Amino acid sequence: MPSAHDEDLVSAYANTEKTFFELASEQRLSILFRLNEKKAKISQLAKDLNITMQEAHRNVNRLQDAGLIEKDPEGIFSLTTFGNTIIKQIPTFNYLSKHKEYFSEHILGELPFKFIMRLGALDQCEFVKGVVAILERWKDIYREADEYIYEIVPQVPIDLIEPALSRVKEKGVKYSYVLPKNVIIPKGRKDLLKKLGHSELLTKGAIERRMVDRVQVAVILNEKQAAVMFPTQKGETDMNMIFFSTDPLFHEWCLDYFRYRWYGSDIFDESHLKEI
């Protein structure tokens with residue numbers, strides 16, 4: 001027989017179960033998101049969502065009973081505070097559901113809980129696959145930067161060093177990056193950095209760099225575009241697949257994560273670099 005503790009656990013999630021049950025309908029979700037845009041009468045909901053009045057009545061009644069929407073004396077429906085808050089959580093489920101195959105093969109690595117709770121901010125994104133496509137998107141973030149380039153990456157491909165430093169020199173872009181202490185650098189990097197005046201840019205403060213113990217979740221961003229990469233189940237950043245977006249919420253998530261890692265990082269130490 002189930003213990004009292006087990007029964008308490010079941011009881012604790014009873015209200016959550018009811019809410020999920022009411023959300024398990026495309027029509028009811030559509031009504032919620034439509035009302036999030038603007039209040040409406042039931043006839044307008046039926047018209048906008050291309051459903052019958054009978055369907056509209058049935059689903060509106062269920063949403064009212066669940067406390068997600070309410071009706072004023074004039075018959076106009078709107079979201080309750082509960083309903084408005086609930087739909088703000090849906091992008092997280094939507095993002096994870098759209099990419100459930102990806103997340104069955106990847107982990108969230110060192111991502112803090114507060115950023116996991118905000119994964120819905122990544123919902124409006126483009127999933128980019130393939131080394132060539134990713135390198136081009138990466139270069140585009142550099143080329144289109146007007147204010148800054150921020151990144152936390154496990155390594156910087158040698159082909160990307162010149163595009164980044166050129167933008168710094170030509171447009172006065174601030175370049176700040178974080179690398180792991182076990183970073184592997186390609187042969188020829190030192191000569192290329194010397195040729196491009198990397199040391200001078202460091203001295204001027206145009207480039208800033210820091211180190212952390214490890215990098216699993218990587219972000220690359222300028223002031224208007226951002227990309228994020230998650231690690232494989234082995235804990236290694238998957239640089240063959242990225243999520244990219246110009247959506248403000250997506251960008252804010254990446255910027256906040258960059259700042260979180262930056263302010264918790266250590267002084268850059270060249271002695272940790274391993275050339276291969």
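Here a biologist asks a modeller how the descriptions of this predicted model are reached.

Biologist: Let's start with the sheet of 3 strands: what is its strand order, and what makes a strand an edge strand there?

Modeller: The order is β1-β3-β2, in an open sheet with antiparallel pairing. β1 (40-41) and β2 (69-71) each have a single partner strand, so one side of each lacks a neighbour in the sheet, and that puts them at the edges.

Biologist: How do you know that β1 counts as paired with β3, and which residue faces Ala-40?

Modeller: Pairing takes at least two bridges. β1 and β3 (residues 76-79) are joined by 2 bridges, so the pair meets that cut-off, and the two strands run antiparallel. Ala-40 has Phe-77 of β3 opposite.

Biologist: And what joins β2 to β3?

Modeller: 3 bridges, again in an antiparallel arrangement. Here Glu-70 sits opposite Ser-78 in β3. The β2 and β3 hairpin has 4 residues between its strands, and Gly-75 adopts a positive phi near 80 degrees.

Biologist: Which helix lies across those strands?

Modeller: That's α5 (residues 53-65), which lies across β2 and β3 and runs at about 105 degrees to β2.

Biologist: Why is α3 called roughly perpendicular to α5?

Modeller: Roughly perpendicular covers 65 to 115 degrees. α3 (residues 26-37) packs against α5 at about 75 degrees, with the axes 10 Å apart. That angle falls inside the range, so α3 is roughly perpendicular to α5. On the α3 side the contact involves Gln-27, Arg-28, Ile-31 and Leu-32; on the α5 side, Glu-55, Arg-58, Asn-59, Val-60, Arg-62 and Leu-63 take part.

Biologist: Which residues does UniProt list as "coiled-coil region", and how much of that span is helix in the model?

Modeller: The unreviewed UniProt entry lists residues 35-66 under that name. In the model, the span is 75% helix and 6% strand, and its end C-alpha atoms lie 15 Å apart.

Biologist: On to the largest nonpolar core. Which of its residues touch the most other members?

Modeller: Trp-138, Tyr-142, Leu-165 and Tyr-175, out of 36 residues. Elements that each supply at least two residues to this core include α10 (131-143), α11 (161-171), β6 (174-180) and β8 (207-212). There is also a second, separate core of 29 residues, with Leu-122, Tyr-148, Val-228 and Trp-262 among them.

Biologist: What does Tyr-175 contact, leaving aside its neighbours within four places in sequence?

Modeller: Its contacts include Tyr-142, Ile-149, Ala-164, Leu-165, Val-168 and Ile-207. Glu-151 and Glu-208 are also among them. Tyr-175 stands opposite Ile-207 in β8 as well.

Biologist: How do you know that β6 and β8 are paired, and are they parallel or antiparallel?

Modeller: They share 6 bridges, and at least two are needed, so they count as paired. They run parallel. β8 is also joined to β12 (residues 266-267) by 2 bridges, but that pair runs antiparallel. Met-211 is opposite Asp-266 there.

Biologist: Last one: why is Val-131 called partly exposed?

Modeller: Buried is under 20% relative accessible area and exposed is over 50%. Val-131 has 47%, so it lands in between and is partly exposed. The residue is found in helix α10. The C-alpha atoms of Val-131 and Glu-37 are separated by 39 Å, and the two residues are 94 residues apart along the chain.

Notes
Residues are numbered from 1 along each chain as its sequence is written. This is a predicted model: local features need pLDDT of at least 70, side-chain atom pairs count only at pLDDT 80 or more; totals for chains, interfaces and linings use all residues. Side-chain values use heavy atoms; hydrogens and water are left out. Contact means heavy atoms within 4.5 Å. Axes are lines fitted to C-alpha atoms, for helices over the stretch in contact, and angles run from 0 to 180 degrees between N-to-C directions. UniProt positions are given in the numbering used here, feature names are shortened, and annotations may be inferred rather than shown by experiment. A nonpolar core is a set of buried Ala, Val, Leu, Ile, Met, Phe, Trp, Tyr and Cys residues joined through side-chain atoms within 4.5 Å. Buried means under 20% relative accessible area, exposed over 50%, partly exposed in between (1.4 Å probe, protein chains only). Angles under 35 degrees count as roughly parallel, over 145 as roughly antiparallel, 65 to 115 as roughly perpendicular and the rest as oblique.
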